[in-house]
Amino acid sequence: MDHKTTGEWLLQSGVWIADEARSGMQFERSAAGKAVSPRLTSDDIGQLMRTPRLPGDATVQFPPEFHFSPFTGATLQAPTTAGQASAWLPPFGARPLNSSAMPGATGLRQTAVPIKLARSPARDEPADSLANADPDATMPTPPPGEHAFFSARFGTTGAALLALDARKGSLYGWLPGSQHWLALESSQGGLLSECLLGETAWRAELATGWNSRLYLPSGHGLACITPDLPSLSYQVEHFGDAPSAAAPVWFQGRLWAPLQGPDGVIRFLNLDAQHALGAEVVLDGAVSLGRVSAPVAYGRSVIWPCEHGQLRLQQRQDGGMAASWMPWPAGLQPQFDFGCPYLSRDGDLWQLCFDVVADRYLYLKLGTQGETVEAMEPRLCSGSFNYRFSTKLKTAPWLELERGNDGGSSKSVMPLLEAGETVLGVRFETRSSLDSVLRSEERMYAQLLQDDGVRELPFHAFSVAEPWRMRLFAHQGTLWAYHPLLNRMDGWKLQA
């Protein structure tokens, strides 16, 4: 099939044909062989595929591979919008599983994507002058639900944006020209199974490529989705024969997904990047996990902190994997609402717990059953950093301040995301105890805050119930903020 005999140009980006006037070309089929949806406008295609144009004629476009018109030889004008170098994987911008970067800790509120706002107040303006300023951009939210956002190539030349409502098994694509969301329909493999994991338990993995793949927990095992935005469709493949007990994680070169059937036994399904299945690792005996948190991995072990204990996968000396279940010490209750575990400088992960017998908070070293440190109060943690009320600290969360006292502070900061030394968080009032505020469903005033270690920069003010549920994501050089109870998303340009 070629343009000389059929009029079709079969390219990496898909199949294109000359328009009737032979002045430009039309996008017919995606690289996956699917018909391009008629619901995509020329502007949608231009932005998603980054199509070049004829100088002075924005209505005529060509495939992204072309630099000259095949009809006149005229030099084409490159698109003005730049593609995004880094993909975004929810909830916290982890590296794609096929990234060549050195792996670090997994599952914390840390991203390798460079994030620093382009805006800053003028020298004669107070630091909080931007809090009530208009955002750089706005976007409507997807249909009602609780969404996670992916930014990568999904059959597109530039980064495309997808919204997933895991509880409903719904996937939406953003059309940047039309400025609205449309649902993607399944073209193969049936429908995406719903996932009932809670917000603090859910995470996903991503393999980037021309048609990037999503790996998600689901009610029918590990789900692999290959979205194709030009055709507004996706393919799904489910691995395993039982529901996901917890979220999957890329660990030691394989994707591991804990599944739990009616017998209560945990089986770790695993596969490599080419979907070659490995031998299941089975945990002896049935266990009751209770409420589950997202997995955290560092070094040779990955741990899923659960309400009733620690689910652990450990790499043995011979390279094999061993599964274990370790109940919490009597009277200890893990606290998942204060952020993620703390990563110490020596590479240990510490989980905040409450001792109901002694009526006190403490930190327990994950992977152990009794190594604990007493804490004066709970800290809000994103991994390497923690907040004592509104004070940002990189010391261990059980250590008290050597000087100064913020105990009378009426504000606290929930760190949402770490990007190097920069922390992005939400600041809110805490006139009562922190744990009671985090249980409150009352509407409250809050600010989004950037703290780069040099200064604090409040850059957005809003009012909503549970403001700490705000989720941040980066797409096409813009930082976006999403909250399931708000009807729009606001965005701010990032430094190049």
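Is Q179 buried, partly exposed or exposed? The relative accessible area of Q179 is 44%, so this residue counts as partly exposed. Like every value here, that percentage was computed from a predicted model. Q179 sits in the loop between β9 (170–175) and β10 (180–183). Its phi is positive, about 60°, although Q179 is not a glycine. Most residues other than glycine have a negative phi. The backbone of this loop is taken up again below, after a look at the whole chain.

The chain has 496 residues. For that length a compact globule would have a radius of gyration near 23 Å, and the chain has 24 Å, so the two agree. Along the principal axes, the C-alpha atoms fill a box of roughly 80 × 65 × 40 Å. The secondary structure comes to two helices and 38 strands. Of the 496 residues, 54% count as buried. The chain exposes about 21,500 Å², and carbon and sulfur atoms supply 49% of that area. Contacts can also be sorted by distance along the sequence: among those between residues at least 6 apart, 50% join residues at least 24 apart.

The interior can be described through its nonpolar cores. The largest core holds 63 residues, and the members that touch the most other members are F150, W202, L216 and W304. A second, separate core of 59 residues includes F354, A474, W480 and A481. What does F150 contact, leaving aside its neighbours within four places in sequence? The contacts of F150 are W88, L89, P90, A160, L161, L162, L164, W202, A204, L214 and L216. Two of the names in that list, W202 and L216, also appear among the members of the largest core with the most partners.

P90, a contact of F150, leads to an unusual piece of backbone. The peptide bond from P90 to P91 is cis, with omega near 5°. Most peptide bonds are trans. P91 is found in the loop between β5 and β6.

H67 lies in that loop too, between β5 (57–61) and β6 (137–140). Is H67 buried or exposed? Its relative accessibility is 57%, so H67 counts as exposed. Not counting residues up to four places away in sequence, H67 touches A74, T75 and L76. The C-alpha atoms of H67 and A78 are separated by 7.9 Å, and these two residues are 11 apart along the chain.

Helix α1 covers residues 42–49, and its buried residues are D44, I45, G46, L48 and M49. Those buried residues pack against β2 (14–18), β3 (25–30), β4 (53–54), β5, β8 (160–165) and β9. Just after α1, R50 takes a positive phi of about 55°.

D359 offers another case of positive phi, near 55°, in a residue other than glycine. D359 lies in the loop between β26 (349–355) and β27 (360–365). With a relative accessibility of 60%, D359 counts as exposed, whereas Q179, at 44%, is partly exposed.

R427 is placed in a strand, β33 (residues 422–429). Its relative accessibility is 15%, so R427 counts as buried. Which side chain does R427 join through a polar contact of 3.3 Å? The partner is the side chain of E456. Leaving aside neighbours within four places in sequence, the residues in contact with R427 are K411, S412, V413, Y445, A446, Q447, L449, E456 and P458.

The cysteines remain. How many disulfides does the count come to? The count is zero. Two of the cysteines show why. The closest cysteine sulfur to that of C195 is in C306, 14 Å away, which is too far for a bond. For C306 the closest cysteine sulfur is in C353, at 12 Å, and that is also too far. A disulfide would need the two sulfur atoms within 2.5 Å. C195 is buried, with a relative accessible area of 3%, and C306 is buried as well, with 1%.

Terms used:
Residues are numbered from 1 along each chain as its sequence is written. This is a predicted model: local features need pLDDT of at least 70, side-chain atom pairs count only at pLDDT 80 or more; totals for chains, interfaces and linings use all residues. Side-chain values use heavy atoms; hydrogens and water are left out. A nonpolar core is a set of buried Ala, Val, Leu, Ile, Met, Phe, Trp, Tyr and Cys residues joined through side-chain atoms within 4.5 Å. Buried means under 20% relative accessible area, exposed over 50%, partly exposed in between (1.4 Å probe, protein chains only). Contact means heavy atoms within 4.5 Å. Helices (H or I, at least four residues) and strands (E, at least two) are DSSP runs, numbered from the N terminus. The radius of gyration is taken over C-alpha atoms; the globule rule is 2.2 Å times the number of residues to the power 0.38. Accessible areas come from the Shrake-Rupley method with a 1.4 Å probe; for residues, only the protein chains shown count as cover. A polar contact is a pair of N or O atoms within 3.5 Å; within protein, one must be able to donate a hydrogen and the other to accept it, and residues adjacent in sequence count only if both atoms are side-chain atoms.
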